[in-house]
Amino acid sequence: MQRGAVLITGATGGIGRAVARAVHGTGQDVSLLDREDSRLQDLAADLAAIGSGRVTVSAGDAADQADVTAWVQQARADHGQVVGLVNVAGLWRSTAFDELDMSEVDDVITANLRTAIVCCRVVADVMLAQGFGSIVNFASTAGEYGSISPAAHYAAAKGGVIALTKSLARELTPRGVRVNAISPGPIDTAGLAAGSSATADQVASRTLLGRLGTPEEIADCVLFLLGTGSSFVTGHVLRANGGSLL
């Protein structure tokens, strides 16, 4: 990657933290956005021990254009160029469709799709002016073939992320900005751990590897899509699902 900052939303969650650690571990500057300042400060202290790049944080809502604009402006002031954006922010809710209320629909679509749209919109201006950059969105296997658990609203939001990624690749890549997505399968995170062990075992059995993926494995995929090794890759949805979807 070129010198400058990689911006990461949803940075204090299980996958977001792993992404921040992986990117910062390469010596890259990172600028982190999440809702809770105390968790961001804890993460910044953790990162300071493992990488040589600078770490800056901003407490805010990735779905709020004003918050995102302020974050990006501060990142530019602190780091100069914005070389990457990783949209990890999201929300999983499982509710049967015939029990679903519209407030939950709004929450899930806002957290998973609107956040990606808002952050891409703000950062695209910066990257297009630079003439380069790499954006990595977070989709899901649910967005590719539907949710196995009852979560049609979540699947619809993640399907929207895939469509957004491919459409932005068509618009932005001829002007120097690559746009890709990662579609994780079952990953060993706090959200999954909140279920019963039987549920985790059942989910793991859907993969050809017979286990859950780790946040660190997803972070390695992010590094690939951000870096020069994927310089001829855009508009791609990288499946990291252990073979649960072929």
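This section describes strand β4, the packing around helix α3, and an aromatic pair in a predicted model.

Strand β4 (82–87) is flanked by two strand partners. Strand β1 (residues 5–9) runs parallel to β4 and is joined to it by five bridges; within this pairing, Val6 stands opposite Gly84 of β4. Strand β5 (residues 133–138) also pairs with β4 in the parallel sense, here over four bridges, and Asn137 of β5 stands opposite Asn87. Six of the six residues of β4 are buried, so the strand is largely enclosed by the rest of the structure.

Helix α3 (residues 65–79) approaches helix α4, the two axes coming within 9 Å and crossing at roughly 35°. The crossing of α3 and α4 is right-handed. On the α3 side, the contact is made by Gln65, Val68, Thr69, Val72 and Arg76, and on the α4 side by Val118, Cys119, Val122, Val123 and Val126. Classified by residue type, the contact of α3 with α4 comprises seven nonpolar, two polar and one charged residues.

Helix α3 also carries Trp71. With a relative accessibility of 1%, Trp71 falls under the 20% limit and therefore counts as buried. Beyond residues up to four places away in sequence, Trp71 touches Leu7, Ile8, Thr9, Ser31, Leu32, Leu33, Ser58 and Leu85. Among these, Leu7, Ile8 and Thr9 belong to strand β1, while Leu85 belongs to strand β4. Trp71 of α3 thus touches residues of two strands that are themselves joined in parallel. Another of the residues touched, Leu32, is 39 residues from Trp71 in sequence, with a C-alpha to C-alpha separation of 8.7 Å.

The structure holds one aromatic pair. This pair is formed by Trp92 and Tyr154 in an edge-to-face arrangement, with 4.9 Å from centre to centre and 90° between the planes. Trp92 lies in the loop between β4 and α4 (102–130), whereas Tyr154 lies in helix α6 (residues 152–172), so the pair ties together parts that are 62 residues apart in sequence. The two partners fall into separate accessibility classes: Trp92, at 41% relative accessibility, counts as partly exposed, whereas Tyr154 is buried, with a relative accessible area of 11%. The loop that holds Trp92 follows the buried strand β4 and leads to α4, the helix that crosses α3.

Methods. Residues numbered from 1 in each chain as written. Predicted model: local features only at pLDDT ≥ 70, side-chain atom pairs only at ≥ 80, totals over all residues. Heavy atoms only, no water. Phe/Tyr/Trp six-rings, centres within 6.5 Å; stacked < 30°, edge-to-face > 60°. Buried < 20%, exposed > 50% of the residue type's maximum accessible area, 1.4 Å probe, protein only. Axes fitted to C-alpha atoms, helices over the stretch in contact; angles between N-to-C directions. Left-handed = near helix turned anticlockwise from the far one by under 90°. Contact = heavy atoms within 4.5 Å. Nonpolar A, V, L, I, M, F, W, Y, C, P; charged D, E, K, R; others polar. Pairing = 2+ DSSP bridges.
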